[in-house]
Amino acid sequence: MRVAVVPGPGESGLLRELRDDGGPARPVVRVDDLAAAVREYERSDEPRWVWPSAALVYQRLLQAGVRVARCHDVALAEALISGRDAALGAGAAPGTAGTPMGAPAPDTLLADARALLKAAEANAPSSQELGQPVLFDAVEAGAGEHVDPRALLDAVVEIHADQLRCIAADEHPDKFGLLATAESAGSLVAAEMTLAGLPWRPEVHDGLLTEMLGPRPKLPGQRPARLAELADQVAAAFAKTRAQMPGSRPVNPDSPAQLLQALAADGIRLSSTRLAVLKDVDHPAIAPLLEYKELARLASAFGWSWLDTWVRDGKFRPEYVVGGVVSGRWASRGGGALQIPRLLRRAVVADPGWVLVVADAAQLEPRVLAALAGDRAFADAAMGGDLYAELATAFGGERAKAKVAMLSAMYGGAGGEAGQLLAILRQRFPAASGYVEAAARAGEEGRVVRSVLGRTCPPPSANWRALTEDPADPDAERDPRAGQASRARGRFTRNFVVQASAADWALVMLVSLRAELAKIISRNGAGDGLSPGPSAAIHDRDGGRPELVFFQHDEVIVHCPQDQADAAAEAVSRAAAVASRLVFGPTRVAFPLSTAVVDCYADAK
DNA sequence: ACCCCCTGCGCG
DNA sequence: AAAGCGCGCAGGGGGT
């Protein structure tokens, strides 16, 4: 059963039961306690909640201690569908892209509905307000004034019905429908993960910082001792030449411009101050500079102020942006959640009596390519545990060469010996090479490509089209930037088919894992498997339940009581199997997950 | 004071 | 010959 839902003033809300085709089945119902009404439906009717967005509805439910099993997120589905349909003008790439859809022209009613939905979205609270009830209420109250709940509900119902038609009209409705469902479920996971938080030990983090940087500076803008020391060494290394330049200040190692200038004054001209460039330079400033850059990076991105801002009550609670990346990967807002330095994983420690189940999909992208392309020889290599090792025989037994060849094929690399290795790849694994080559060609020609579940890459910009279109006069000289732009887009689409399909698999794995974990919870009789509470309360009540606490492209972390670790690990491997079957159907390609049960994230793999 | 773009680097 | 892909964030430096 589908039920449309929007929040109203205070605790209230509006509900409307829908038919399977999205049409209204019953009149609109107003409830005083929305969370209670939702909980009641969850007990008996296996509803799929149809709501404008998780930000508008689910956060509020979670705050009230109510989880749901399934939803249709209208905003996320909209992004998938309009992403697909925006590509129509660009022309579809055969084999990898869809055909034009028979989507009905948006009539004014739908257009109005969409405008209304947008207005509501603009007022949605961010996940960050989740942990701050006072702010949350204030924002929510503000949102209520701008958009009439009844009008919003009607808009949700209309758009949802239209979306079901758009999905059914897809070239592969089952897969595209799975994508919309998984994306929606992903937003449930995202909100729940923000609430749960990644266990984070501030004292461990602080200890690492102090060890490397020296004690925390008294004043915020101040350089920690070790950084100040290194900055002085860098400046000193340039001092001799600088002394002859009147009015010159000490070189600031944070300023690429000053560094380039200072190096040039000493006769060293560089294209940039990147690590890779600096590494090979012979100058007394380089050694302290490289160390400075590494430590300064840590201090500015994940230093004490980060700790103050992002860690509360032993938990790091970033906001995840589902589908925030064109490829369908998640993005995050605040705290650089998806760029946590490996070094700081030392600070991610399970609660007492709990463990972290860390699972990582091994060599996901090349395996995805093997499954996508249906390359028999390649798929055979992908049946085992180490794909690159299996491929190595084709490259004179050198695993490293096999890896370079694969990465070059997926990224469009051609430097160094890549060209030679690609030739081998093309010869031994023609279907796999052909798949990414076709995607690259489609991109170069301005067409779009799609992931295995039908996520579509953006069409080229107007700028790109203007730049790359054939000149009206065939004798006219072509802009040299045209070829460059064309090849750049080719690399993008080449990578998109792999990265986006890997994201499809990872997303389906993640939401399947959520479902598997819910089974454990209900088996254990820990509540109904749906209702969370503040995690402290759960610890006290029944020993706790497994919680997804982190997701990073091809890696998940489950935080759970020690005695549930085995069950959680089994859930992970079942989820991977489910994802492989749902996304790729029958395939001989294996998608192994390396799973570790650890106290500390840094101890995984 | 603020905004915007660039550079550089962390993660996958 | 050359430019393998995708992000978020901080700081510098120029603009207003």
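**Pocket, DNA surfaces and cavities of chain A**

Helix 3 contributes 6 residues to the lining of the largest pocket, the largest share. The model is predicted, and the pocket has a volume of about 720 Å³. Its lining comprises 32 residues, of which Ala75, Leu76, Val321, Val322 and Gly323 are the closest to the centre. At least two lining residues come from each of helix 3 (74-86), helix 7 (173-196) and strand 9 (319-321). By class, 17 residues of the lining are nonpolar, 8 are polar and 7 are charged.

Strand 9 also contains tyrosine 320. With a relative accessible area of 7%, tyrosine 320 falls under the 20% limit and is therefore buried. The C-alpha atom of tyrosine 320 is separated by 4.3 Å from that of serine 332, although the two residues are 12 apart along the chain.

Chain A as a whole has 23 helices and 14 strands. The radius of gyration of chain A is 27 Å, close to the 25 Å given by the globule rule for 605 residues, so the chain is as compact as a globular protein of that length. Along the principal axes, the C-alpha atoms fill a box of roughly 85 × 65 × 50 Å. Buried residues make up 51% of the 605 residues of chain A.

Helix 14, spanning residues 364-373, is mostly covered, with 9 of its 10 residues buried. The buried residues are Leu364, Glu365, Pro366, Arg367, Val368, Leu369, Ala370, Ala371 and Leu372. An α-helix has 3.6 residues a turn, so residues three or four places apart point the same way. The buried residues of helix 14 include Leu364 and Val368, and also Glu365 and Arg367. After helix 14 comes glycine 374, which has a positive phi, near 60°.

The model also contains DNA. DNA strand C is surrounded by 26 residues, and Ser255, Gly334, Tyr411, Arg487 and Arg491 are the closest. Of the atoms of DNA strand C that come within 4 Å of the protein, 74% belong to sugar and phosphate. Two of the contacts with this strand involve phosphate oxygens: one such oxygen is 2.5 Å from a side-chain N or O atom of serine 255, and a phosphate oxygen is 2.3 Å from a polar backbone atom of glycine 334. A base is contacted as well, with a base nitrogen of DNA strand C 2.8 Å from an N or O atom in the side chain of arginine 491. Two or more residues of the surface near DNA strand C are given by each of helix 12 (286-302), strand 10 (331-333), helix 17 (399-411) and helix 21 (480-523). Helix 21 provides the largest share of this surface, 5 residues. The surface near DNA strand C is made up of 14 polar, 6 nonpolar and 6 charged residues.

Around DNA strand B there are 18 residues, the closest being Thr273, Lys293, Gln339, Arg345 and Asp554. Sugar and phosphate make up 79% of the atoms of DNA strand B within 4 Å of the protein. A polar backbone atom of leucine 275 lies 3.2 Å from a phosphate oxygen of DNA strand B. The side chain of aspartate 554 places a polar atom 2.7 Å from a sugar or linking oxygen of the strand. At arginine 329, a side-chain N or O atom is 3.0 Å from a base nitrogen of DNA strand B. The surface near DNA strand B consists of 7 charged, 6 polar and 5 nonpolar residues.

Arginine 329 also belongs to the lining of the second largest cavity, together with Gly328, Trp330, Ala503, Ala506, Leu507, Phe551 and His553. The number of cavities of 30 Å³ or more is 2, and the second largest encloses about 50 Å³ of space. Helix 21, which also gives the largest share of the surface near DNA strand C, supplies 3 residues to the lining of the second largest cavity, the largest share. This lining holds 5 nonpolar, 2 polar and 1 charged residues.

Definitions and conventions: Residues are numbered from 1 along each chain as its sequence is written. Chains are lettered from A and ligands numbered from 1 in the order in which they are written. This is a predicted model: local features need pLDDT of at least 70, side-chain atom pairs count only at pLDDT 80 or more; totals for chains, interfaces and linings use all residues. Side-chain values use heavy atoms; hydrogens and water are left out. A residue is near a molecule or strand if one of its heavy atoms lies within 4 Å of it. A polar contact is a pair of N or O atoms within 3.5 Å; within protein, one must be able to donate a hydrogen and the other to accept it, and residues adjacent in sequence count only if both atoms are side-chain atoms. Ala, Val, Leu, Ile, Met, Phe, Trp, Tyr, Cys and Pro count as nonpolar, Asp, Glu, Lys and Arg as charged, and the others, Gly among them, as polar. Buried means under 20% relative accessible area, exposed over 50%, partly exposed in between (1.4 Å probe, protein chains only). Helices (H or I, at least four residues) and strands (E, at least two) are DSSP runs, numbered from the N terminus. On a 1 Å grid over the protein atoms alone, a cavity is a set of points where a 1.4 Å probe fits but cannot get out, and a pocket is an open set with protein on both sides within 12 Å along at least five of seven lines; lining residues have an atom within 4 Å of a point. Grid points are joined across faces, edges and corners, and a volume is the space filled by probe spheres set on the points. The radius of gyration is taken over C-alpha atoms; the globule rule is 2.2 Å times the number of residues to the power 0.38.
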